[in-house]
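Trainee: I would like a close look at how helices pack in this model. Please pick one pair, go through it slowly, and then show me what lies elsewhere along the chain.

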Amino acid sequence: MTNNGVLRHIKVGSALLLCTLQILLVLLSWILAAAFPELSVRSLLSSEGIRWFLGNFTDNMQTPVLVWLLVGSVAYGALRVSKMPHALRECLGKNRLPYSKRLALSLVLFEFVACVAVMFLLAGIPHAILLSVTGNLFPSSFSNSIIPVTAFCLSLFAVTFGTISGMQKTAEDVFSMLTSGISYTLPLWLIYILGAQLYFSLLFVFPDFPL
């Protein structure tokens, strides 16, 4: 079985497992709430549980992980379509690259250094604006933004490489490159939805349990 086949089976198995766990949690919450009313367990089949499950579904999906998945998908698709990682591996392997790709990698290196320098000025010096009020990196505005900023920088590097090397010649090509990652990561979106709802269902059923 190929690696793609294994990954596909893992994704399908993960989705089925999360669905099964959600169903079991619904039944377990009903049984525990009925058999042990003295416990602080809320049933997902009660009127309160049904209202919560349907009424809070959208709120349950609105987590930082959703944003990370979105911006990560954009960056992944951009890097994949631009073929910049492949060119970088060839360069590190001492293979001769066309001039356009060498120029593109040089500009990407310049952008990388510039991004690191900017982030250092914003978070790496005393009283930097991305530090917390106590001067810490974690938690702070820096820690909250590190994944979106990293995804933005990777997307910028991919666009620069793709356009300079000639892989993407028009604005439509760049747009297609930046949106292609969603199709690659669609299985993860389904797994996220199932996983997030299961997690918040556990919080609802067992409000006193430290999750």
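Mentor: What follows starts with one helix pair, zooms in on two of its residues, and then moves on to a second pair, the loops and a salt bridge.

Keep in mind that this is a predicted model. Two numbers get us started. Two packed helices are described by the angle between their axes and by the distance between those axes.

Find helix 1, residues 3-35, and helix 10, residues 186-205. Their axes come within 10 Å. They cross at roughly 20°. Angles under 35 degrees count as roughly parallel, and helix 1 and helix 10 are therefore roughly parallel to each other. The crossing of helix 1 past helix 10 is left-handed.

Which residues make the contact between helix 1 and helix 10? From helix 1 come K11, S14, A15, L18, C19, L21, Q22, L25 and S29. From helix 10 come P187, I191, L194, G195, Q197, L198, S201, L202 and V205. Sort the residues of this contact by class, and you get 11 nonpolar, 6 polar and 1 charged.

Now zoom in on the helix 1 side. A15 is located in helix 1. Is A15 buried or exposed? Its relative accessibility is 13%. Buried means under 20%, so A15 counts as buried. Set aside residues up to four places away in sequence, and A15 touches I191 and L194. Both of these appear on the helix 10 side of the contact. Look also at I193. A15 and I193 are 178 residues apart along the chain. Yet their C-alpha atoms are separated by 9.6 Å.

Cross over to the other side. Q197 belongs to helix 10. Its relative accessible area is 4%, so Q197 is buried too. What does Q197 touch, leaving aside its neighbours within four places in sequence? The residues are Q22, W52, F53, F57, N60 and M61. Q22 is one of the helix 1 residues in the contact with helix 10.

Next, set a second pair beside this one. Helix 4 covers residues 64-82, and helix 7 covers residues 141-165. These two pack at an angle of about 20°. Their axes are 8 Å apart. That angle makes helix 4 roughly parallel to helix 7. Here, too, the crossing is left-handed. On helix 4 the meeting residues are W68, V71, G72, V74, A75, A78, L79 and S82. On helix 7 they are I147, P148, A151, L154, S155, A158, F161 and G162. The contact of helix 4 with helix 7 has 12 nonpolar and 4 polar residues, with no charged ones.

Now the loops. Begin between helix 4 and helix 5, the latter being residues 84-92; K83 is in this loop. K83 has a positive phi of about 65°, although it is not a glycine. With a relative accessible area of 46%, K83 is partly exposed.

Move on to the loop between helix 6, residues 99-123, and helix 7. P139 lies here. The peptide bond from F138 to P139 is cis. Its omega is near -10°.

H127 is also in the loop between helix 6 and helix 7. H127 is not a glycine, but its phi is positive, near 65°. At 80% relative accessibility, H127 counts as exposed.

S140 sits in that loop as well. Is S140 buried or exposed? Its relative accessibility is 6%, so S140 counts as buried. Without counting residues up to four places away in sequence, S140 touches L130, L131 and S132. Compare S140 with L105. They are 35 residues apart along the chain. Their C-alpha atoms are separated by 32 Å.

Finish with charge. How many salt bridges are there? The count comes to 1. E48 and R42 meet in a salt bridge through their side chains. The distance is 3.5 Å, N to O. E48 counts as partly exposed, at 36% relative accessibility. R42 is partly exposed too, with a relative accessible area of 29%.

Now go back to the first pair and trace it yourself. Start at A15 in helix 1. Step across to I191 and L194, which A15 touches. Then go along helix 10 to Q197, and step back to Q22, one of its contacts.

Conventions. Residues numbered from 1 in each chain as written. Predicted model: local features only at pLDDT ≥ 70, side-chain atom pairs only at ≥ 80, totals over all residues. Heavy atoms only, no water. Axes fitted to C-alpha atoms, helices over the stretch in contact; angles between N-to-C directions. Helix = DSSP H or I, 4+ residues; strand = E, 2+ residues; numbered from the N terminus. Parallel < 35°, antiparallel > 145°, perpendicular 65-115°, else oblique. Left-handed = near helix turned anticlockwise from the far one by under 90°. Contact = heavy atoms within 4.5 Å. Nonpolar A, V, L, I, M, F, W, Y, C, P; charged D, E, K, R; others polar. Buried < 20%, exposed > 50% of the residue type's maximum accessible area, 1.4 Å probe, protein only. Salt bridge = Lys/Arg side-chain N within 4 Å of Asp/Glu carboxyl O.
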